[in-house]
Amino acid sequence: MGRCREQTAGTYGRKAMVKACSRPRTAHALAAKAEVVRKSLAVRRAGSIPASGTNSGPSLFAQGRLLHFRQTKSMDNIRAAAWFHGTNSSQFRSWVVPPPPVLGEELRVPHSGIFFTRDVDAAQKVGSNVCSVKLTDQAKILDATVGSADAEHLRQLVMRNDLAKMCIYARTAQAWTTAWRSGEVLRFASDDPRFMLHLARNAAQYKGIAPEVQLEVAQHNLTRGWIEHIVRSAAQLGFNALHGFEIDRHSSHTPRAVSWLAVTDAKAVTAPSWQ
């Protein structure tokens, strides 16, 4: 399955480039690839998903008291951190949520939130203008990296979507938490042969462009649409800030998990402070 590069630690108000992360395939080739994908992902089934070659760490579903301590400590760190956002647009004074539409992105799934990272280098790779914010007292944060009732409610709500049911990272609470810690969760992956057929049919909907471009747009929108579905689901549960990690397989030779924050209410963060 092709994976699309979708850095979400910025891009507010600018045109994002569409890049396919693997060789474009025709619909026939995609269908033929389904069985290979199924086998290659079988070892990453729910409960045993590796973090791109790294250890996923001990289970977060430990004794209640220890879990509560981890959750509290994690939330304190999230609130205390400086969060960075990169963009190539001109510097602005306030946030607009959802972000204003970008000319030329009519074929792309729009984002309803704004994305941040604690990694300033990652933000700089998204855009030359970088600003920082802090979370405010009005931020209602869901930390998906820690096993909790709220994280499980999010998974269950996400799973109501038929396509989401095919994602290997959402099958169990354990897999969900592990994939949020590794960042894999923000890159849709499935071992269901029906998914490859779905992607091929989706690509064919984009008329008037070359087949390889059709597939690039479909892959890119799959990633954006998946992230958007998760972010909207968290907002539906009453949270205006969703915390996790996003896998980065492109900035270095070794894949790494980059801190990630999606905000769906401008009141949840301070005004941008430009570097």
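I began with helix α5, which lies across β5 and β6 and runs at about 70 degrees to β5. The model is predicted, and I read every value below as computed from it.

**Entry 1. Helix α5**

I looked up how far α5 is enclosed. Of its 10 residues, 7 are buried, so the helix is largely enclosed by the rest of the structure. The buried ones are A175, W176, T177, T178, A179, W180 and S182. I then asked what covers the buried residues of α5. The cover includes α4, α7, β5 (241–248) and β6. After the helix comes G183, and I noted that its phi is positive, near 90 degrees.

**Entry 2. W180 and the nonpolar core**

I picked W180 from the buried list and looked up its contacts. Beyond its neighbours within four places in sequence, W180 touches A144, T145, V185, L186, I230, L242, H243, G244, F245 and W260.

I next turned to the cores. Apart from the largest one lies another core, of 19 residues, and it includes M75, I141, A241 and V263. The largest nonpolar core has 31 residues. Inside it, the residues with the most contacts are L154, W176, W180, I230, L242 and W260. Two or more residues each come from α4 (149–158), α5 (173–182), α6 (193–204), α7 (211–236) and β6 (256–263). Which element gives the most to this core? I found that α7 does, with 6 residues.

**Entry 3. Aromatic pairs**

I listed the ring pairs and got 8 aromatic pairs in the structure. W180 and W260 form one of them, a tilted pair at 5.8 Å centre to centre with 40 degrees between the planes. W180 is in helix α5 and W260 in strand β6, so this pair ties together parts that are 80 residues apart in sequence. Both W180 and W260 are buried.

I checked F188 and W226 next. Their ring centres are 5.0 Å apart and their planes stand at 85 degrees, so I entered the pair as edge-to-face. F188 sits in the loop between α5 and α6, and W226 in helix α7, so the pair ties together parts that are 38 residues apart in sequence. F188 is buried at a relative accessible area of 5%. W226 is buried too, with a relative accessible area of 5%.

I also found a ring cluster, in which ring pairs link F92, W95, F116 and W274.

**Entry 4. The sheet of 4 strands**

I followed the strands under α5 by their pairing. β5 and β6 belong to an open sheet of 4 strands with the order β2-β6-β5-β4 and mixed pairing. Which strands stand at the edges? They are β2 (114–116) and β4 (141–143), each with a single partner strand, so one side of each is left without a neighbour in the sheet. I noted an average twist of 35 degrees from one strand to the next.

Between β5 and β6 I found 8 bridges, and the two strands run antiparallel. For a register point I took E246, which stands opposite V258 in β6.

Helix α7 also packs here: it lies across β2, β5 and β6, running at about 160 degrees to β5.

**Entry 5. The sheet of 3 strands**

I then looked up the other sheet. It is open, has 3 strands in the order β1-β3-β7, and its pairing is antiparallel. β1 (83–87) and β7 (273–274) are the edge strands, and each pairs on one side only. β3 (residues 129–133) is joined to β7 by 2 bridges, and these strands run antiparallel. Here S132 stands opposite S273 in β7.

I noted that W274 of the ring cluster falls within the range of β7. In the same way, F116 of that cluster falls within the range of β2.

**Entry 6. The whole chain**

I closed with the totals. There are 7 helices and 7 strands. Along the sequence they follow the pattern α-α-β-β-α-β-β-α-α-α-α-β-β-β. The protein has 275 residues, and 51% of them count as buried. How much of the contacts with a separation of 6 or more comes from residues 24 or more positions apart? I got 78%. The protein exposes about 12900 Å², with carbon and sulfur atoms supplying 53% of it.

Technical notes
Residues numbered from 1 in each chain as written. Predicted model: local features only at pLDDT ≥ 70, side-chain atom pairs only at ≥ 80, totals over all residues. Heavy atoms only, no water. Core = buried A, V, L, I, M, F, W, Y, C linked by side-chain atoms within 4.5 Å. Buried < 20%, exposed > 50% of the residue type's maximum accessible area, 1.4 Å probe, protein only. Contact = heavy atoms within 4.5 Å. Phe/Tyr/Trp six-rings, centres within 6.5 Å; stacked < 30°, edge-to-face > 60°. Areas by Shrake-Rupley, 256 points an atom, 1.4 Å probe, with all protein chains shown as cover. Pairing = 2+ DSSP bridges. Axes fitted to C-alpha atoms, helices over the stretch in contact; angles between N-to-C directions.
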